[in-house]
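Visitor: Please give me a close look at the empty space inside this protein. Go through it one space at a time.

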Amino acid sequence: MTPGEATQREVASQPDCWRRAGAVAAEHATVLPPAGARVAVVGCGTSFHVAQSHAAAREAAGRGETDAFPASEFPTGRPYDAVVAISRSGTTTEVLRLLERLDDRRRTVAVVADPDSPAAALAAAVVALPFADEASVVQTRFATTVLALLRAHLGEDVAPLAAQADEALAAPLPARVEAFRHFVFLGTGAAAGLAGEAALKLREAAGAWCEAYPAMEYRHGPLSAAGPETLVWMLGAGGPYADAVAALPGEIEATGATVVVGARDPLAELVLVQRAAIALALARGLDPDAPRHLSRSVVL
Ligand code: F1P
């Protein structure tokens, strides 16, 4: 197997996985929290960014108050109606400890790749996506398939989204992506969590210097670190400050930085970022299938 081959294969399978996720959402319509429920979504690493993105999307869709926490920072005193725990492996220690600690197990739902994992055993209900499981340490298709599933649960037809992912697999990468030293990802709403996930991909796969912010936060200090070696990639630009977000590229380019404005749905744009992460890793002589210092799941 050549360097990055396993990750590349998983990245390429995302459109099919997303289509399948639509059917899984329909089968689990009563397992996932109903409209109006006060929900907390938890995870670690990539799964935490998935939680952030879904929390913003669910609340924006009017389905009820939704918060996201790293599993290690969950405020156990709060009376949530349901806690959705996301974990590809189902073995991450902080997720398991939280599921053990929650005194009312009836309110917990585990979204996992492995239905036989400890997280699945601890939760009151399980949504399993075994077809989206991965050999790679660096998560790509499990994370995005969970988001496609949850978007389908919010009522979206994910078929057009999968078509956009197909297009993102064939699209050219930003010019000279390997030439940059500093990468910044910006997003609004559900795309703010995706910006965090995009930055994590380049960090994990390529050891890159990356930052991520809700778009409107970028003027509040981080802009100061931008310069000719910076690529700023905007994943989503809607929301109440859409005009001010639309003005950001010009302001950022004035620093000498290069700006890429995502041309597709932010979840499909993330597919392009994953491809860029692989390309950057290979250009730096790294193997994206074997990221430095990481294991597939953190078991303490
Ligand atoms: C979460 C996670 C991954 C990360 C690394 C360690 O795993 O933090 O996001 O890339 O491999 O584990 P999981 O709980 O979703 O299995």
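Guide: A cavity is a set of points on a 1 Å grid over the protein atoms alone where a 1.4 Å probe fits but cannot get out, and lining residues have an atom within 4 Å of a point. Grid points are joined across faces, edges and corners, and volume is the space filled by probe spheres set on them. By this rule there are two cavities of 30 Å³ or more.

A word on the model. It is predicted: local features need pLDDT of at least 70, side-chain atom pairs need 80 or more, and totals for chains, interfaces and linings use all residues. Numbering runs from 1 along each chain as its sequence is written, and side-chain values use heavy atoms, without hydrogens or water.

Start with the largest cavity. It holds about 50 Å³ of space. Its lining is Thr 7, Val 11, Val 138, Thr 140, Lys 201, Ala 205, Gln 274, Ala 277, Ile 278 and Pro 288. Three elements give two or more residues each: helix H1 (5-12), helix H8 (190-206) and helix H11 (266-283). Helices here are DSSP runs (H or I, at least four residues), numbered from the N terminus. Thr 7 and Val 11 fall in H1. Lys 201 and Ala 205 fall in H8. H11 gives the most, with three residues. Those are Gln 274, Ala 277 and Ile 278.

Now the chemistry of that lining. Six residues are nonpolar, three polar and one charged. Ala, Val, Leu, Ile, Met, Phe, Trp, Tyr, Cys and Pro count as nonpolar; Asp, Glu, Lys and Arg as charged; the others, Gly among them, as polar. The charged residue is therefore Lys 201. The polar ones are Thr 7, Thr 140 and Gln 274.

Move to the second largest cavity. About 40 Å³ of space lies there. Leu 32, Pro 33, Val 39, His 54, Arg 58, Val 84, Leu 150 and His 153 line it. Helix H3 (46-60) and helix H6 (141-153) each supply at least two of these residues. His 54 and Arg 58 lie in H3. Leu 150 and His 153 lie in H6. By class, this lining has five nonpolar residues, two polar and one charged. Arg 58 is the charged residue. His 54 and His 153 are the polar pair.

Technical notes: On a 1 Å grid over the protein atoms alone, a cavity is a set of points where a 1.4 Å probe fits but cannot get out, and a pocket is an open set with protein on both sides within 12 Å along at least five of seven lines; lining residues have an atom within 4 Å of a point.
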